[in-house]
Amino acid sequence: MSLKILNKVIGFEQELKLFKNLFDIKKLPQTLMIQGLDGIGKYTFCLNLVSSLLKKNNTNIEDELISDSNVLILKNECSEQAVKIDDVRNIINFCQLKSFNDLPKFIIIKNSQFLNANSVNALLKLIEEPNDNIYFIFTSNLIDQNIETLMSRCFIKKLFLNKKYYKTIIEKFVFDNSLHDFSENINFNDTPGIFLRKYFYNLNPNLEKLRKDNQNLFYKIFSTKILESADLNLNTLKKIKLNLFLNNDIRKIIKKFN
């Protein structure tokens, strides 16, 4: 199922206006780090910002930007999908190519907390002396501190989403993607992104596949299942934690909770 990213910023209108104004007066930092809790719409914010700066008017914002020769998007949902050296080479080549119609060029890297040390070091060389009219925009979760060196080179903007917007965001996503069978009660304990990811996971639950595809969501769902388990005890928790830490094969444990 191909899902559309919201083509409208909800809850961060003032932040969007700030960056647009900075761009208009040629004061927009060339390296931005957008931080916030998982699932509040950081990536959506970045897409809408770039779309606005390139003066696009589209209904499928992500697909439009992916097909734009002046935009490069790299997404990571887990450490195993992290930006690799080959990806960095693609970024270097992208930066060296002349911009179409002299428009600005944008590199969006989602979930930069999954970058490995080699990738960070290679990126540092690019962002410390960026070419004119090239902008790097990173997203990362608020509590991740494993990219401090990269963060020290960025203008950091922390986003905080008021819970009053949760319902509006989810309802617009459901409407834009024509999810006619959607009938979930909205859980305000989860951010909109986490809520929707859990919804789609529950349509076809498979913890083992989820662990490979999206580690963050896997740990959220798996920890919830463990806490809700009737067999929960301290030894079980210690065993699971140790196996996760050592990255051992936990298929037997996962099978119990599937």
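**Entry 1: helices α8 and α10**

I began with the packing of helix α8, residues 192–203, against helix α10, residues 215–228, and noted an angle of about 75° with the axes 11 Å apart. I am working from a predicted model, and I read every value here with that in mind. Because angles from 65 to 115 degrees count as roughly perpendicular, I entered α8 and α10 as roughly perpendicular to each other.

I then listed the residues that make this contact: α8 contributes I194, R197, K198 and Y201, while α10 contributes L217, K220, I221, T224 and K225. When I sorted the residues of the contact by character, I found four nonpolar, one polar and four charged.

**Entry 2: R197 and its partner**

Since R197 had come up on the α8 side of that contact, I looked up its salt bridge, and the partner is D38, with the closest N and O atoms 3.1 Å apart. I placed D38 in the loop between β1 (31–36) and α2 (42–53) and R197 in helix α8, so that the pair links distant parts of the chain, 159 residues apart. Which of the two is buried, and which is partly exposed? D38 has a relative accessibility of 13% and therefore counts as buried, whereas R197, with a relative accessible area of 25%, is partly exposed.

**Entry 3: other salt bridges**

I recorded a count of eight salt bridges for the protein, and I followed up two further pairs.

In one of them the side chains of E128 and R153 meet, at 2.8 Å from N to O. I located E128 in helix α5, residues 117–128, and R153 in the loop between α6 (148–151) and β5 (155–158); the two are 25 residues apart, and this pair also links distant parts of the chain. I noted E128 as partly exposed, with a relative accessible area of 44%, and R153 as partly exposed at 37% relative accessibility.

The other pair is K172 with D176, where the closest N and O atoms are 3.1 Å apart. How far apart are K172 and D176 in helix α7? They are four residues apart within residues 166–176, and so they are separated by about one helical turn. I put K172 down as partly exposed at 22% relative accessibility, and D176 as partly exposed at 23%.

**Entry 4: N7 in the segment before α1**

I turned next to N7, which I found in the segment before α1 (13–24) and which counts as partly exposed at 31% relative accessibility. Leaving aside neighbours within four places in sequence, I found N7 in contact with N48, N58, T59, I61, K172 and D176; I had already entered K172 and D176 as a salt bridge. I also checked N7 against N60, and these residues are 53 apart in sequence while their C-alpha atoms are 6.9 Å apart in space.

**Entry 5: the whole chain**

To close, I looked up the overall figures, which give 12 helices and five strands for the protein. Of the 258 residues, 47% are buried. I noted that, among contacts with a separation of 6 or more, residues 24 or more positions apart account for 72%. For the surface I entered an exposed area of about 14700 Å², of which carbon and sulfur atoms supply 50%.

Note on methods
Residues are numbered from 1 along each chain as its sequence is written. This is a predicted model: local features need pLDDT of at least 70, side-chain atom pairs count only at pLDDT 80 or more; totals for chains, interfaces and linings use all residues. Side-chain values use heavy atoms; hydrogens and water are left out. Axes are lines fitted to C-alpha atoms, for helices over the stretch in contact, and angles run from 0 to 180 degrees between N-to-C directions. Angles under 35 degrees count as roughly parallel, over 145 as roughly antiparallel, 65 to 115 as roughly perpendicular and the rest as oblique. Contact means heavy atoms within 4.5 Å. Ala, Val, Leu, Ile, Met, Phe, Trp, Tyr, Cys and Pro count as nonpolar, Asp, Glu, Lys and Arg as charged, and the others, Gly among them, as polar. Buried means under 20% relative accessible area, exposed over 50%, partly exposed in between (1.4 Å probe, protein chains only). Accessible areas come from the Shrake-Rupley method with a 1.4 Å probe; for residues, only the protein chains shown count as cover. A salt bridge is a side-chain nitrogen of Lys or Arg within 4 Å of a carboxyl oxygen of Asp or Glu.
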